[in-house]
Amino acid sequence: EDIFLRLARKEFDYVSLGALEIEQIYRDLATGTDQICIESDLLLQYSMPLVFYVNPAARELAEHIEHGLGTIQSDGSFHRLFNRHFGEVVERLNLARRRTFHLLNPLLPD
């Protein structure tokens, strides 16, 4: 809550939140003030890792996960699954038509 109070007091200009969390956080913490809104034209894109932790003794499981992820990325089913679960958010927030700034994450490997 403090971050939205500080934002309303203009201690800083914006707070960057993920597309999948912004609407709920806004409803829970920022509704009721006319000084804060969800920006509708800009998108900051910052790659973050998705990590699966597997017991070192379960090498075969790790290989199955890696193979399965590669398969769904190459055959298009990952995209369909993503759209089924998150497509409404992407559309509602108009993410595909925003001006996008791609920020580099120096902690990710090439």
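**Group meeting talk: salt bridges, a pocket and a patch**

Hello everyone, let me start with a count: this structure holds six salt bridges. By salt bridge I mean a side-chain nitrogen of Lys or Arg within 4 Å of a carboxyl oxygen of Asp or Glu. Before we go on, please keep in mind that this is a predicted model, where local features need pLDDT of at least 70, side-chain atom pairs count only at pLDDT 80 or more, and totals for chains, interfaces and linings use all residues. Residues are numbered from 1 along each chain as its sequence is written, and side-chain values use heavy atoms, with hydrogens and water left out.

Let's look at some of those bridges. Side chains of opposite charge can pair when their charged atoms come close. Which residues are linked in a network of salt bridges? They are Arg6, Arg9 and Glu11. Within that network, Glu11 pairs with Arg9, and their closest N and O atoms are 2.8 Å apart. I will call a residue buried under 20% relative accessible area, exposed over 50%, and partly exposed in between, with a 1.4 Å probe and protein chains only. On that scale Glu11 is partly exposed because its relative accessibility is 42%, while Arg9 is exposed, with a relative accessible area of 53%.

The next pair is Arg99 and Asp41, whose side chains meet in a salt bridge at 2.9 Å, N to O. Arg99 lies in strand E2 and Asp41 in the loop between H2 and E1, so this pair ties together parts that are 58 residues apart in sequence. A quick word on those labels: helices (H or I, at least four residues) and strands (E, at least two) are DSSP runs, numbered from the N terminus. Asp41 counts as partly exposed because its relative accessibility is 31%.

Then there is Glu63 with Arg59, where the closest N and O atoms are 3.5 Å apart. These two are four residues apart in helix H3, so about one helical turn separates them. Is Arg59 buried or exposed? Arg59 counts as exposed, because its relative accessibility is 52%. Its partner Glu63 is partly exposed, at a relative accessible area of 41%.

While we are at Arg59, here is a distance to try on your screens. The C-alpha atoms of Arg59 and Leu81 are separated by 26 Å, with these positions 22 residues apart along the chain. Leu81 sits in helix H4 and is partly exposed, with a relative accessible area of 38%. Now try Thr33 and Ala8: they are 25 residues apart along the chain, and their C-alpha atoms are separated by 8.0 Å. Thr33 belongs to the loop between H2 and E1 and is partly exposed, at 24% relative accessible area.

On to the pocket. On a 1 Å grid over the protein atoms alone, a pocket is an open set of points where a 1.4 Å probe fits, with protein on both sides within 12 Å along at least five of seven lines, and lining residues have an atom within 4 Å of a point. The largest pocket has a volume of about 1700 Å³, volume being the space filled by probe spheres set on the points. How many residues line the largest pocket? There are 41, and Leu17, Gly18, Ala19, Leu43 and Leu44 lie nearest its centre. Elements giving two or more residues to this lining are H1 (2-8), H2 (22-30), E1 (42-46), H3 (59-74), H4 (77-92) and E2 (99-103). The largest share, five residues, comes from E1.

E1 returns at the surface. Tyr14, Leu42, Leu44, Tyr46, Met48, Phe101 and Leu103 make a nonpolar surface patch of about 700 Å². E1 and E2 are the elements that give two or more residues to the patch, and the largest share, three residues, comes from E1. Patch residues have over 30% relative accessible area and no salt bridge, and nonpolar side chains (Val, Leu, Ile, Met, Phe, Trp, Tyr) are joined within 5 Å. Leu103, found in strand E2, is partly exposed because its relative accessibility is 40%.

Last, some backbone angles. Most residues other than glycine have a negative phi. Lys10 is not a glycine, yet its phi is positive, about 65°. Lys10 is in the loop between H1 and H2 and counts as exposed, at 67% relative accessibility. Asn94, in the loop between H4 and E2, has a positive phi near 60°. Thanks for listening!

Key. Patches are made of residues with over 30% relative accessible area and no salt bridge: like charges are joined within 9 Å, nonpolar side chains (Val, Leu, Ile, Met, Phe, Trp, Tyr) within 5 Å. Accessible areas come from the Shrake-Rupley method with a 1.4 Å probe; for residues, only the protein chains shown count as cover.
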